[in-house]
Amino acid sequence: MEKITAQDAHQAEAHDEHKHPTWSTYWKIALILTIVTAVEVWLYETSFRESRFFIPILLLLSLAKFVIVVMYYMHLKFDHKIFRTLFIGSSVLASIILTALLLLFGQISFG
């Protein structure tokens, strides 16, 4: 016979207060990810590849897919706020560094 502690009860209560996504939500997210991937492939296969906006648009689309996967499939959206803050802060910092490096080495330009 297991003894239920106050901490166990609190964890169970905290788990129940978050509404996790249903299977229909996962299918919708998978469809969105498929569409964004198709757009990325289409952009690569067209003459848009010669545009100076090609790399920044692909980076934004990749970032959107990354955020969706992390928030829903890795359940970060439903975790404690401190985890989201740490993860998003680190991601923003990494994005700034990546953009600065791309600008530095001439892979993207704004003029």
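Helices (H or I, at least four residues) and strands (E, at least two) are DSSP runs, numbered from the N terminus. This is a predicted model, in which local features need pLDDT of at least 70, side-chain atom pairs count only at pLDDT 80 or more, and totals for chains, interfaces and linings use all residues. Residues are numbered from 1 along each chain as its sequence is written, and side-chain values use heavy atoms, with hydrogens and water left out.

**Exercise 1. The fold**

Task: State how many helices and strands the protein has, and give the order of its elements.

Solution.
- Step 1. Count the elements: there are four helices and zero strands.
- Step 2. Read from the N terminus: the order is α-α-α-α.
- Step 3. Check burial (buried means under 20% relative accessible area, exposed over 50%, partly exposed in between, with a 1.4 Å probe and protein chains only). Of the 111 residues in the protein, 15% are buried.
- Step 4. Check contacts (heavy atoms within 4.5 Å). Take those between residues at least 6 apart in sequence: 57% of them join residues at least 24 apart.

**Exercise 2. Helix α2 against helix α3**

Task: Describe how α2 and α3 pack, and sort the residues of their contact.

Solution.
- Step 1. Recall the method: two packed helices are described by the angle between their axes and the distance between the axes. Axes are lines fitted to C-alpha atoms, for helices over the stretch in contact, and angles run from 0 to 180 degrees between N-to-C directions.
- Step 2. Take the values: α2 (residues 23-45) and α3 pack at about 165 degrees, with axes 11 Å apart.
- Step 3. Classify the angle: α2 is therefore roughly antiparallel to α3. The classes are roughly parallel under 35 degrees, roughly antiparallel over 145, roughly perpendicular from 65 to 115, and oblique for the rest.
- Step 4. Find the hand: α2 passes α3 in a left-handed crossing. The rule is left-handed if the near helix is turned anticlockwise from the far one by less than a right angle, and right-handed if clockwise.
- Step 5. Locate the contact: α2 contributes residues including I29, L33, V36 and E40, and α3 contributes residues including L58, L61, S62 and K65.
- Step 6. Sort the residues: the contact has 17 nonpolar, three polar and two charged. Here Ala, Val, Leu, Ile, Met, Phe, Trp, Tyr, Cys and Pro count as nonpolar, Asp, Glu, Lys and Arg as charged, and the others, Gly among them, as polar.

**Exercise 3. E40 and K65**

Task: Place E40 and K65, then list their polar contacts.

Solution.
- Step 1. Place them: E40 lies in α2, and K65 lies in α3.
- Step 2. Check E40: its relative accessible area is 12%, so E40 is buried.
- Step 3. Recall the term: a polar contact is a pair of N or O atoms within 3.5 Å; within protein, one must be able to donate a hydrogen and the other to accept it, and residues adjacent in sequence count only if both atoms are side-chain atoms.
- Step 4. Apply it: the side chains of E40 and K65 make a polar contact of 2.8 Å. The side chains of K65 and T37 make another, of 3.1 Å.
- Step 5. Set aside neighbours within four places in sequence. E40 then contacts L58, L61, S62 and K65, while K65 contacts L33, V36, T37 and E40.

**Exercise 4. Helix α3 against helix α4**

Task: Describe how α3 and α4 pack, and sort the residues of their contact.

Solution.
- Step 1. Take the values: α3 (residues 54-73) and α4 (residues 81-104) pack at about 165 degrees, with axes 13 Å apart.
- Step 2. Classify the angle: α3 is therefore roughly antiparallel to α4.
- Step 3. Find the hand: the crossing of α3 past α4 is right-handed.
- Step 4. Locate the contact: I55, L59, L63, F66, V70 and M71 of α3 meet F87, I88, S91, S95, L98 and L102 of α4.
- Step 5. Sort the residues: the contact of α3 with α4 has ten nonpolar, two polar and no charged.

**Exercise 5. The loop between α3 and α4**

Task: Describe H75 and K77 in this loop.

Solution.
- Step 1. Place them: H75 is in the loop between α3 and α4, and K77 is in that loop too.
- Step 2. Check exposure: H75 is partly exposed, at 27% relative accessibility. K77 is partly exposed, at 36%.
- Step 3. Check the backbone: most residues other than glycine have a negative phi. H75 is not a glycine, yet its phi is positive, about 60 degrees.
- Step 4. Find the partners of K77: its side chain makes a polar contact of 2.7 Å with the side chain of Y72. Not counting residues up to four places away in sequence, K77 touches M71, Y72 and R84.
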